[in-house]
Amino acid sequence: MLSIKGLHAKVDDRPILRGLDLEVGPGEVHAIMGPNGSGKSTLANVIAGRDGYEVTGGSVRFLGRSLLSLTPEERAREGVFLAFQYPVEIPGVSNVAMLKEAVNALRKHRGEPGLDAMDFLKLARERLKLVEMKEEFLYRSVNEGFSGGEKKRNEIFQLAMLEPRLAILDETDSGLDIDALKVVAGGVNAMRGSARSIVLVTHYQRLLEHIVPDWVHVLADGRIVRSGDKELAVELEQQGYGWVNSGADQAVGVG
Amino acid sequence: MRTAHDASTYVAAQRDAAADLPAAGRRWLDQCRSAALAQLELTGLPDQSNEDWKYTPIRPITREAFAPAQAGSDCPRQFVVASTIPNLDSYRLVFVDGFWSPALSHLDDLPAGVTLAGLGQMLDNDPARIEPWLGSALGSEPHGFIAMNSSFVGDGAVVEINAGVVLDKPVELLFVSGCGGSGRLSLPRNLVVAHSGSQATVIERHVSLLENRSLSNSVSEVIVESDARLTHHAVQQESPRSFHVGGLFVRVGRRAEFRSTTVTLDGALVRRDALINLDDEQAQARLDGLYLAFGRSHVDNHTHVVHHAPNGVSREHYKGVLGDRARAVFHGRIVVQPGAQQTDSQQRNQNLLLSRDAEVDSKPQLEIYADNVKCTHGATVGQLDEGAIFYLRSRGLDQVQARRALTRAFAADVLERMVPTALRSYLEQQVNDRMQAVSEIER
Ligand SMILES: Nc1ncnc2c1ncn2[C@@H]1O[C@H](COP(=O)(O)OP(=O)(O)OP(=O)(O)O)[C@@H](O)[C@H]1O
Ligand SMILES: [Mg+2]
């Protein structure tokens, strides 16, 4: 599904990603953990195609095709979705208006007819339930005045609407209360499937109790320095990141 | 120092036409016209040495003189029908090059206590009813274009709502310019009088029949007596080759409420003046504005709110969207006279630049001569938020869709406050269509 090899990327002329490798197969859930500033969001933004992130080496392939030459909307239409660490507020553009245009842009790309207002609303109501959001959120401006947790829920609602093939969730669990975490995790789990891969960026093992990953990676200094199964997350929770770089002989799990 | 633009062709044209203007020979009216003419001759048309016209060169207007339009030009009925606002139920007066066309108007079932008529007809038949109001809201030093309008004053709309009458439907004044050929000048003068405790909505729309080089010089005087509530929407949607100079002159009485929205969708050069006098205690005014300027358009909004008495409230919010090489000017002057204590006044001007070559001059001007007042103002000029554009693109909207959605969102709140809804929807659609046609969004 997603194949990243030797990825180097700069932000503001500062090298952030420095030879990153990552393979995500169809239907797999990968968790990426790592210290603040190690480059997790940078990776997410590079995959989504944000301006200002300059790729200086390596490749990112999605379903066998290079992503790097595609515009952000082309990537979205191909099935890449990013749940933002800091979702942007867009006053004056309602959730429903944005999503209707987005859903229909994706459908058009796939050669499917656009949804009319009725069918769209039906789908939206159904997906709102998945993340236990009230219908009024549909008509509010995108993220405007949403609480931190509501913004994160709204990201997952959008994920559910857009049905991507690859979803990258950048710290979707941060700022969620315990109940909300369960709801959001439930929403993500409901979206799991053999044709959909998920990359979870998180600092907390707790999320991974709800969304059990197939793989856990540690990103430090712009590279994946350790990979393992879900036990790696437990270990990190107990010991922090200090030991990760201290020696290969302490490696756990699979590589 | 440069001198003002010479107005002698217009002065001469007025002298030629004076004897044929409606109710010529009535002393008070002749005096009105000749005083205005003398002023026009003396001051000429404003140039940039005039502080109020500093950023608006009128050379494109003066380059080639316009000839005052004649009554009786034809405007096809289909055009009027095609220009109507969908689902808007209104009493409609239609003006062809500034002259009232009873045949194209629609005044059925007008309730008692409401007068809707052409000014020319009123001047001929019942001048005494006009005399107290004509010119009464213009203020002391109207500029050359206003003087020009006054010197030719002859036709336009008269809207009079008797005391206590609540008008059930909006009054729509549709001004069609460019009917009599290229190079025409239309000079409508409108009078709106809302007597004590009455309520009404007046929609003033300016459209072009053809893409002619034309000049509309349109002046509206509005009197809102005590406890009355009047809403006035001015929509300027003439062709990209038309020039528009418009003025809204308002007097608001005790506890009365005046609301207005000024929307400019198109035009080569558009200058709108608004002078709002809050004459008496607890008078309120809300002025909203939205201007779109693309290509090489120039849009200038000049607002002047004067608080004369205690406990007045004024709210002003103008927003502009500019692309290509367009220019906009916003000059918002607020004066709080001595004794106008507890005045509560807010002014905001926000501009969105879609291109590097577009330019805005925004100038707030507060003059406060009372000590216990609350006045705030703020002006911003900004671009679309790149973070928001990326967010939308990451959801699958392309550049154009994303920029258009954000631009629409910027313009939305001014329109959102508009009543009737049919007008609001119509304008939302117009703004949308305008965006659709603009290359700038696609950068
Ligand atoms: N636009 C930018 N301009 C300058 N530096 C940037 C920019 N974006 C990211 N960086 C820098 O790149 C580094 C990696 O940032 P990134 O956001 O990818 O970290 P992260 O791993 O997601 O951290 P966190 O866990 O705190 O979210 C940081 O040092 C950050 O300051
Ligand atoms: Mg991050």
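Me: Which residue does R92(B) stand opposite in β6(B)?
Reply: R92(B) stands opposite E172(B). Keep in mind that this is a predicted model.

Me: What makes β2(B) and strand β6 of chain B a pair?
Reply: Count the bridges. Two strands pair if there are at least two bridges between them. Six bridges join β2(B) to β6(B), residues 171-177, so the two strands pair. They run parallel.

Me: How do you know that β2(B) pairs with strand β3 of chain B?
Reply: Use the same test. The cut-off is at least two bridges. Four bridges join β2(B) to β3(B), residues 99-106, so this is a pair too. Here the strands run antiparallel. F95(B) stands opposite W100(B) in this pairing. The hairpin of β2(B) and β3(B) has two residues between the strands. There, D97(B) takes a positive phi near 50°.

Me: Why is strand β2 of chain B called mostly covered?
Reply: Buried means under 20% relative accessible area. Six of the six residues in β2(B), residues 91-96, are buried.

Me: Which residues of β2(B) point one way, and which the other way?
Reply: Y91(B), L93(B) and F95(B) point one way. R92(B), V94(B) and V96(B) point the other way. In a regular strand the side chains alternate between the two faces of the sheet. The residues on both sides of β2(B) are buried.

Me: What makes S41(A) and Q85(A) donors to the magnesium ion?
Reply: Distance decides. A donor is an N, O or S atom within 2.8 Å of the metal. The magnesium ion, ligand 2, is coordinated by OG of S41(A) and OE1 of Q85(A) at 2.0 to 2.1 Å, so both atoms qualify. S41(A) lies in helix α1 (residues 40-48) of chain A, and Q85(A) in the loop between β6 (80-83) and β7 (90-94), so the pair ties together parts that are 44 residues apart in sequence.

Me: Is S41(A) buried, partly exposed or exposed, and what makes it count as such?
Reply: Buried is under 20%, exposed is over 50%, and partly exposed lies in between. S41(A) has 23% relative accessibility, so it counts as partly exposed.

Me: How does Q85(A) come out on that scale, buried or exposed?
Reply: Its relative accessible area is 16%. That is under 20%, so Q85(A) is buried.

Me: What makes the approach of K40(A) to ligand 1 a polar contact?
Reply: A polar contact is a pair of N or O atoms within 3.5 Å. A polar side-chain atom of K40(A) lies 2.7 Å from an oxygen atom of ligand 1, so the pair passes. A polar side-chain atom of Q85(A) lies 3.1 Å from an oxygen atom of ligand 1, so that pair passes as well. For G39(A), a polar backbone atom is 3.0 Å from an oxygen atom of the ligand, and this also fits the cut-off. The protein covers 67% of the 630 Å² of accessible area that ligand 1 has on its own.

Me: How many residues surround ligand 1, and which are closest?
Reply: There are 16. The closest are G37(A), K40(A), S41(A), T42(A) and H203(A). The shell divides into four nonpolar, eight polar and four charged residues. Helix α1(A) gives the most, with three residues.

Me: Why are β2 and β5 of chain A called edge strands?
Reply: Each pairs on one side only. The open sheet has four strands in the order β2-β1-β4-β5, with antiparallel pairing.

Me: How do you know that β4(A) and β5(A) pair?
Reply: The test asks for at least two bridges. Two bridges join β4(A) to β5(A), so they pass. F62(A) and R65(A) are bridge partners there. F62(A) is also the bridge partner of L2(A). For β1(A) and β4(A), the count is eight bridges.

Me: What makes the phi of N143(A) worth a remark?
Reply: Most residues other than glycine have a negative phi. N143(A) is not a glycine, yet its phi is positive, about 60°. The residue is found in the loop between β8 (141-142) and α6 (148-162) of chain A. Its relative accessible area is 0%, so N143(A) is buried.

Me: Why is E163(A) called partly exposed?
Reply: Its relative accessible area is 36%. That falls between 20% and 50%, so the label fits. E163(A) also has a positive phi, about 45°, although it is not a glycine.

Notes. Residues numbered from 1 in each chain as written. Chains lettered and ligands numbered in written order. Predicted model: local features only at pLDDT ≥ 70, side-chain atom pairs only at ≥ 80, totals over all residues. Heavy atoms only, no water. Donors = N, O, S within 2.8 Å, 3.2 Å for Na, K, Ca; no water. Buried < 20%, exposed > 50% of the residue type's maximum accessible area, 1.4 Å probe, protein only. Near = heavy atom within 4 Å. Polar contact = N/O pair within 3.5 Å; in protein donor to acceptor, adjacent residues only side chain to side chain. Areas by Shrake-Rupley, 256 points an atom, 1.4 Å probe, with all protein chains shown as cover. Nonpolar A, V, L, I, M, F, W, Y, C, P; charged D, E, K, R; others polar.
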